[in-house]
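Thanks, everyone. I will go through salt bridges first and pockets second, and keep it short.

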Amino acid sequence: MTAKEVLKTLESLANPATLKHNLKAGAGNNQFGVKMGDIRKVAAEIKSDHALALALWATGNIDARLVAILILKPKDLSPAELENMVKSETFTQVADWLYSYVIKDFPDKEKLREKWMKSKDKMCARQGWSLTSGRIARSPEGIDIPALLDRLEKEMPKAPPEVQWTMNSALANIGIHHAEYRKRALAIGEKLGIYKDYPVSKGCTSPYAPIWINEMVKRQK
């Protein structure tokens, strides 16, 4: 399939409810509003096609970019290409798919993490904190957790919403996975009060760090 053909297919799958939801969540107008299930079906039909993925990404269309993420070959991306992709997308759903399917398993992710943790670009910073949150939970060796807590306490209140979300994840993971720093993580969460009043569906855990930490620790027992 060509990029033009994929776009035509996606347009035929447009769903008004999905479009409305995406717009409410902060997406731009360059989209058709295709359901996630249909995005996956389109990608499954194409399978792997790196050149097509890059062409779809270049359209800027949200639905096309979601398909692109599923069909590209991460190992064929250079760090610079990946960083440009990160910087070019501000809709968090696409950014989070890019993290889940590409960034978290990217060969040079540690170098990018270190770079992005210092970046003034909000989407690079978002991904840097996502990678750091993963390190905190799964491979904390070499991570200076006290220094991270200092940064979180100082920087989270004024961070852009896109960055604040993944910083909060890092704070929660410190409290959940590192008992020696739990008291301070809880104190920071309580002091900042970020997401304290966040609406949560029944059966879901609040993103408010103290509640999140205590709930997950309770489940570990």
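One cut-off before we start: a residue is called buried under 20% relative accessible area, exposed over 50%, and partly exposed in between. By that scale Arg151, at 25% relative accessibility, is partly exposed. Bear in mind that this is a predicted model.

Arg151 has a salt-bridge partner, Glu155, with the closest N and O atoms 3.0 Å apart. Both residues belong to helix 10, which covers residues 145–155, and they sit four residues apart, about one turn of the helix. Glu155 is also partly exposed, its relative accessible area being 31%.

Now a pair that reaches out of helix 10. Glu153 makes a salt bridge with Arg184, and here the closest N and O atoms are 3.2 Å apart. Glu153 is in helix 10 while Arg184 is in helix 12, residues 182–192, so this pair ties together parts that are 31 residues apart in sequence. Glu153 has a relative accessible area of 25% and is partly exposed; Arg184, with 31%, is partly exposed too. The pair does not stand alone: through shared partners, salt bridges join Asp150, Glu153, Arg184 and Lys191 into one network.

What separates Asp105 and Lys104 in their salt bridge, N to O? The figure is 3.4 Å. Asp105 is exposed, at 53% relative accessible area, whereas Lys104 is partly exposed, at 32%. Over the whole structure, the search finds 14 salt bridges.

On to the pockets. The largest one holds about 400 Å³ of space. It is lined by 13 residues, and those closest to its centre are Ala25, Thr92, Arg126, Trp165 and Tyr198. Helix 7, 92–101, and helix 11, 161–177, each give at least two residues to that lining. By class, the lining comprises five nonpolar, five polar and three charged residues.

The second largest pocket has about 310 Å³. There are 15 lining residues here, with Ser133, Trp165, Ser169, Asn173 and Trp212 closest to the centre. Two or more residues come from each of helix 9 (122–138), helix 11 and helix 13 (209–220).

Which helix supplies the largest share of this second lining? Helix 11 does, with seven residues. The class count for the second largest pocket is six nonpolar, eight polar and one charged.

One residue to look at on the screen is Trp165, which is among those closest to the centre of the largest pocket and is also listed for the centre of the second largest. That is the end of my part.

Note on methods
Residues are numbered from 1 along each chain as its sequence is written. This is a predicted model: local features need pLDDT of at least 70, side-chain atom pairs count only at pLDDT 80 or more; totals for chains, interfaces and linings use all residues. Side-chain values use heavy atoms; hydrogens and water are left out. A salt bridge is a side-chain nitrogen of Lys or Arg within 4 Å of a carboxyl oxygen of Asp or Glu. Buried means under 20% relative accessible area, exposed over 50%, partly exposed in between (1.4 Å probe, protein chains only). On a 1 Å grid over the protein atoms alone, a cavity is a set of points where a 1.4 Å probe fits but cannot get out, and a pocket is an open set with protein on both sides within 12 Å along at least five of seven lines; lining residues have an atom within 4 Å of a point. Grid points are joined across faces, edges and corners, and a volume is the space filled by probe spheres set on the points. Ala, Val, Leu, Ile, Met, Phe, Trp, Tyr, Cys and Pro count as nonpolar, Asp, Glu, Lys and Arg as charged, and the others, Gly among them, as polar.
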